[in-house]
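Here is a short set of exercises to work through with the model open beside you. Try each task before you read the solution below it.

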Amino acid sequence: MLLFCPTCGNTLVAAEGSSRMKFQCSTCPFKYDVQKLISRKTYPKLKELDDVLGGAAAWDNVDSTEERCPKCSHSRAYFMQIQTRSADEPMTTFYKCCNHQCGHRWRE
């Protein structure tokens with residue numbers, strides 16, 4: 001909540017007074033003692049994010065390669081490559097551990 005100075009129209013800033021908080025103008029001598037604590041929390045509604053990897057179905061028809069899982073040290077992993085940055089940058093390789101009990105995912 002923004003408060004404005006009734007004298008000059010500038011925004012009031014919060015400052016500590018001798019016994020309580022106050023709002024004061026930074027350009028003129030106007031001061032306003034805070035009468036009661038006012039707080040309000042507003043949480044914005046977040047929009048749903050699209051899964052850029054295609055969800056769980058994206059891993060259905062992928063090949064596997066000899067890549068060691070950093071979590072369980074399994075010797076094979078599924079992989080797919082996606083262009084995540086500009087065209088002059090290399091593709092990002094996403095991996096998923098072939099060990100179904102692990103299923104760890106990572107990228108390079």
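**Exercise 1. Work out whether Lys96 is buried, partly exposed or exposed, then list what surrounds it.**

Solution. Keep in mind that you're looking at a predicted model.

Step 1: Take the relative accessibility of Lys96, which is 22%. Buried means under 20% and exposed means over 50%, so Lys96 counts as partly exposed.

Step 2: Find its place in the fold. Lys96 sits in strand E6.

Step 3: Look for contacts, skipping residues up to four places away in sequence. That leaves Trp59, Ala77, Tyr78, Gly103, His104, Arg105 and Trp106 touching Lys96.

Step 4: Check one pair by C-alpha distance. Arg76 is 20 residues from Lys96 in sequence, and their C-alpha atoms are 8.9 Å apart in space.

**Exercise 2. Find out how many strands and helices the protein has, and which strand has the highest mean pLDDT.**

Solution. Step 1: Count the elements. You should get seven strands and zero helices. Read from the N terminus, the order is β-β-β-β-β-β-β.

Step 2: Compare confidence among the elements. Strand E6 (residues 92-97) comes out highest, with a mean pLDDT of 91. At the other end is strand E3 (residues 31-33), with the lowest mean, 84.

Step 3: Zoom out to the whole protein. The mean pLDDT is 84, and 90% of the residues reach 70 or more.

Step 4: Add two overall figures. Of the 108 residues in the protein, 17% are buried. Among contacts with a separation of 6 or more, 20% are between residues 24 or more positions apart.

**Exercise 3. Locate the residues that UniProt lists under "binding site" and see how they are arranged in space.**

Solution. Step 1: Get the names from the record. The unreviewed UniProt entry lists Cys69, Cys72, Cys97 and Cys102 for "binding site". They are spread over 34 residues of sequence, yet they cluster in space, with a largest C-alpha distance of 9.1 Å.

Step 2: Look at Cys72. You'll find it in the loop between E4 and E5. Its relative accessible area is 32%, so Cys72 is partly exposed. Leaving out residues up to four places away, Cys72 touches Cys97, Asn99 and Cys102.

Step 3: Now try Cys97, which belongs to strand E6. Its relative accessibility is 2%, so Cys97 counts as buried. Beyond four places in sequence, the contacts of Cys97 include Cys69, Cys72 and Cys102, which brings you back to the listed residues. His74, Arg76 and His104 are also among the residues that Cys97 touches.

**Exercise 4. Work out which residues form the largest nonpolar core and how the aromatic pair is arranged.**

Solution. Step 1: Name the core. Its five residues are Cys69, Ala77, Tyr95, Cys97 and Trp106.

Step 2: Count the aromatic pairs. There is one. In that pair, the ring centres of Tyr95 and Trp106 are 5.4 Å apart and the planes meet at 20 degrees, so the pair is stacked.

Step 3: Ask what the pair joins. Tyr95 is in strand E6 and Trp106 is in strand E7 (residues 105-107), so the pair ties together parts that are eleven residues apart in sequence.

Step 4: Check burial. Tyr95 has a relative accessible area of 8%, so it is buried. Trp106 has a relative accessibility of 13%, so Trp106 counts as buried as well.

**Exercise 5. Find the salt bridge and say whether its two residues are buried or partly exposed.**

Solution. Step 1: Search the whole structure. One salt bridge turns up.

Step 2: Identify the partners. The side chains of Arg85 and Glu89 meet, at 3.7 Å from N to O.

Step 3: Check accessibility. Arg85 has a relative accessible area of 48%, so Arg85 is partly exposed. For Glu89 the relative accessibility is 34%, so Glu89 counts as partly exposed too.

**Exercise 6. Say what stands out about the phi of Ser73.**

Solution. Step 1: Recall the usual pattern. Most residues other than glycine have a negative phi.

Step 2: Compare. The phi of Ser73 is near 65 degrees, a positive value in a residue that isn't glycine.

Step 3: Place the residue. Ser73 lies in the loop between strand E4 (63-65) and strand E5 (77-82). With a relative accessible area of 44%, Ser73 is partly exposed.

Technical notes
Residues are numbered from 1 along each chain as its sequence is written. This is a predicted model: local features need pLDDT of at least 70, side-chain atom pairs count only at pLDDT 80 or more; totals for chains, interfaces and linings use all residues. Side-chain values use heavy atoms; hydrogens and water are left out. pLDDT is the predictor's confidence in each residue, from 0 to 100. Helices (H or I, at least four residues) and strands (E, at least two) are DSSP runs, numbered from the N terminus. A salt bridge is a side-chain nitrogen of Lys or Arg within 4 Å of a carboxyl oxygen of Asp or Glu. Buried means under 20% relative accessible area, exposed over 50%, partly exposed in between (1.4 Å probe, protein chains only). Contact means heavy atoms within 4.5 Å. A nonpolar core is a set of buried Ala, Val, Leu, Ile, Met, Phe, Trp, Tyr and Cys residues joined through side-chain atoms within 4.5 Å. UniProt positions are given in the numbering used here, feature names are shortened, and annotations may be inferred rather than shown by experiment. Rings of Phe, Tyr and Trp (its six-membered ring) pair if their centres lie within 6.5 Å; planes under 30 degrees apart count as stacked, over 60 as edge-to-face and the rest as tilted.
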